[in-house]
Amino acid sequence: MKRLHAVVLFVLGFAAAGVFSGAVIADVTTTTSTATTVATTTDASTTTTTTTIASAVPKGVRIAGVRVGGLAVPDAVASVQAAFARELPVYVDGKQVLLDPTTVATAYAATAVARARISEPGTNVKLSVAVHGPSLRGWIAALAKRVATPAADATLTFKNAKPVIKPAVNGHVLDQKTVRTRLIAALRSNSRLAVHFKTRAVKPAVPTGTFSAVIVVNRELNRLYLFDETKLVRVFKVATGQAIYPTPTGTFHIVVKEMNPWWYPPTYDSWAKGLKPVPPGPDNPLGTRWMGLSVPGVGIHGTDEPTSIGYSESHGCIRMQVPDAEWLFTKVQVGTTVYIV
């Protein structure tokens, strides 16, 4: 009886051990790979399978400021490319122009994502950008042509024997070298903050103020008018040319100024035949001042014949009283415009 009881206990114990061992083995079975973790749980009535895909890029990682942490490789590459393709606002003198970065540069997004995958969380990975020099220079040249304005010289015309002056206007030009340097920096940093530029002023060849003194001579009235630009400063009685030796009409300029000049008889005029040069002094036909014009043999000067003033008595020049000529001499310069009507 005791022997039979022992056999029964042995059989029951073996069966219990087998059941317990099977439960442990069947309860949790885990398989792990580099990309996938699979957990399977089994009980007497149900079987549930859960699959989790590991992230390609560590959490908190950025590429040139673009958040790619937690994204799979294709999504990370697409995010970086989309961010790089955003237009860059460029302002010139306050006016906006948009630059499409993809037309002038290439961003190596896939290479940056590959580096991002092995970076520490929170890292900002650099994005390599290749700027295409010819394309960028072409875009900048077109922009420079678009914003450039030529300088306009001051001009002097006459209306009703009075000066009319149009002021000079500065031109504007874009410094293409500066623009190129700053745009390359913006593209390489993947920044889309607006970049501002100002054009450089270009001064005209004939600036405002060139015509500070203007002379108008009226042959019919035998008057000389001095203007400060368009403002009449003073009027003088003068002597102009005789009918046979008329003072030429038109627009001329003072080309030479001389104090106490010598007078030399013109070799091309018969009236001066046999006359000799006259040194400076009271008998000099030119007085004490000579302002020669841009027409041969004609000038504005003093005279040793003061009674001729107010009449057409000269051989083509404009005569003035000696004190008047000396005063005018100080107010004009080589280049002063003389308009004779």
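This report covers strand pairing, helix packing and a salt bridge in a predicted model.

**The three-stranded sheet**

One open sheet has three strands in the order β7-β6-β14, with mixed pairing. Its edge strands are β7 (95-99) and β14 (195-197), each of which pairs on one side only. Neighbouring strands are turned by 25° against each other on average, direction ignored. Strand β6 (residues 88-92) and β14 run parallel and are joined by three bridges. Within β14, Phe-197 stands opposite Val-92.

Two helices pack on this sheet. Helix α4 touches β6 and β7, and its direction makes about 160° with that of β7. Helix α5 touches β6, β7 and β14, and its direction makes about 175° with that of β14.

**The α4/α5 contact**

How do the two helices meet? Helix α4 (residues 133-147) and helix α5 (residues 176-189) pack with their axes 10 Å apart, at an angle of about 130°. That angle makes α4 oblique to α5, because oblique is the class left for angles outside the parallel, antiparallel and perpendicular ranges, the antiparallel one starting over 145 degrees. The crossing of α4 past α5 is right-handed.

From α4, the contact uses Leu-136, Arg-137, Trp-139, Ile-140, Ala-141 and Ala-144. From α5, it uses Gln-176, Val-179, Arg-180, Leu-183 and Ile-184. By class, the contact has eight nonpolar, one polar and two charged residues.

**Strand β20 and its partners**

Strand β20 (residues 250-259) pairs with β25 and with β21. The table sets out both pairings.

| Pair | Partner residues | Direction | Bridges | Opposed residues |
|---|---|---|---|---|
| β20 and β25 | residues 337-340 | antiparallel | four bridges | Thr-251 and Tyr-339 |
| β20 and β21 | residues 289-293 | antiparallel | five bridges | Glu-258 and Trp-290 |

Thr-251 thus has Tyr-339 of β25 opposite. Glu-258 has Trp-290 of β21 as its bridge partner.

**A salt bridge across the sequence**

Side chains of opposite charge can pair when their charged atoms come close. The model holds two salt bridges. In one of them, Asp-324 pairs with Arg-234, and the closest N and O atoms are 3.8 Å apart. That distance counts because the cut-off is within 4 Å.

Which elements does this pair link? Asp-324 lies in helix α6 (residues 322-329) and Arg-234 in strand β18 (residues 231-237). The two residues are 90 residues apart in sequence, so the pair ties together separate parts of the chain.

Key. Residues numbered from 1 in each chain as written. Predicted model: local features only at pLDDT ≥ 70, side-chain atom pairs only at ≥ 80, totals over all residues. Heavy atoms only, no water. Pairing = 2+ DSSP bridges. Axes fitted to C-alpha atoms, helices over the stretch in contact; angles between N-to-C directions. Parallel < 35°, antiparallel > 145°, perpendicular 65-115°, else oblique. Left-handed = near helix turned anticlockwise from the far one by under 90°. Contact = heavy atoms within 4.5 Å. Nonpolar A, V, L, I, M, F, W, Y, C, P; charged D, E, K, R; others polar. Salt bridge = Lys/Arg side-chain N within 4 Å of Asp/Glu carboxyl O.
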